[in-house]
Amino acid sequence: MNVWAYFLASQHDPRLAHDWTYPDGVVTTSHRRHLRIEEMLAWSRWQLGWLADDQVHCVSEDDLSGGMSVTLSPLAQPGDGIAMVAVPLNAHQVLVAESRRKLGYDAGRFFEADDTGATTTFPRLITEGVLVYTVDTFIGSGELPVKVAGDSGNGQVDEFPLLEPGEGVSLRGYTITLTADDGDTHTVLIEKQ
């Protein structure tokens, strides 16, 4: 329902840095070795009825004759916008794209160390962007029914899985490219290969 994000990155990647502030005003920097992205996936939210049908844009192959642009609102706070775009692959598989922002459970998590009184905010997302994944409804929960784009099948991706502006991913005969980020919404272009 959410994503543990283990990915290959330098131990001192500045995107993983967070500052510890001590009661005496001293500040030190640490680096996270993993991120726990806590915001529930759009697919799971939709299954639970937490996303209304009008917050899900289902794209058919006929819609994609020249490609289709869809503007995605942030999953954690979609308002009246589209929170998830879904492309059916067959009767039991779907390709999903959703906008992830540092909002809700994807915002940093405040932490206070009991023994020293130091405080920090652990990062949850290293960058905002669009998460692309497939879902196979024939595979049971706990048996990896969700595959994040870039996963070679072992549950590990080589890079942080969120697309940034200008980046795209080709998966299962479709290409999804993040074409715009206005700070509030992400716009993706979906094309049939």
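**A sheet and its salt bridges**

Asp-181 has a relative accessibility of 32% and is therefore classed as partly exposed, in a model that is predicted. This residue makes a good starting point for a newcomer. Its side chain meets that of Arg-101 in a salt bridge, with 2.6 Å from N to O. The two partners come from distant parts of the chain, 80 residues apart: Asp-181 belongs to strand 15, while Arg-101 sits in the loop between strand 8 (93-100) and strand 9 (109-112). Arg-101 has a relative accessible area of 4% and so counts as buried, since the cut-off for that class is under 20%.

Strand 15 leads on to the sheet. An open sheet of 4 strands is found, in the order 6-16-15-14 and with antiparallel pairing. Strand 6 (68-72) and strand 14 (168-171) form its edges, each pairing on one side only. From one strand to the next, the twist averages 25°. Within this sheet, strand 15 (residues 174-181) and strand 16 (residues 186-192) run antiparallel and are joined by 7 bridges. Thr-175 faces Glu-191 of strand 16 across this pairing.

Back to the charged side chains: the whole structure holds 5 salt bridges. Side chains of opposite charge can pair when their charged atoms come close. Arg-100 meets Glu-98 in one such contact, at 2.7 Å from N to O, and both of these residues are buried. Arg-100 also forms a salt bridge with Asp-106, where the closest N and O atoms are 2.8 Å apart; Asp-106 is buried as well.

Technical notes
Residues are numbered from 1 along each chain as its sequence is written. This is a predicted model: local features need pLDDT of at least 70, side-chain atom pairs count only at pLDDT 80 or more; totals for chains, interfaces and linings use all residues. Side-chain values use heavy atoms; hydrogens and water are left out. Two strands pair if DSSP finds at least two bridges between them. Helices (H or I, at least four residues) and strands (E, at least two) are DSSP runs, numbered from the N terminus. Axes are lines fitted to C-alpha atoms, for helices over the stretch in contact, and angles run from 0 to 180 degrees between N-to-C directions. A salt bridge is a side-chain nitrogen of Lys or Arg within 4 Å of a carboxyl oxygen of Asp or Glu. Buried means under 20% relative accessible area, exposed over 50%, partly exposed in between (1.4 Å probe, protein chains only).
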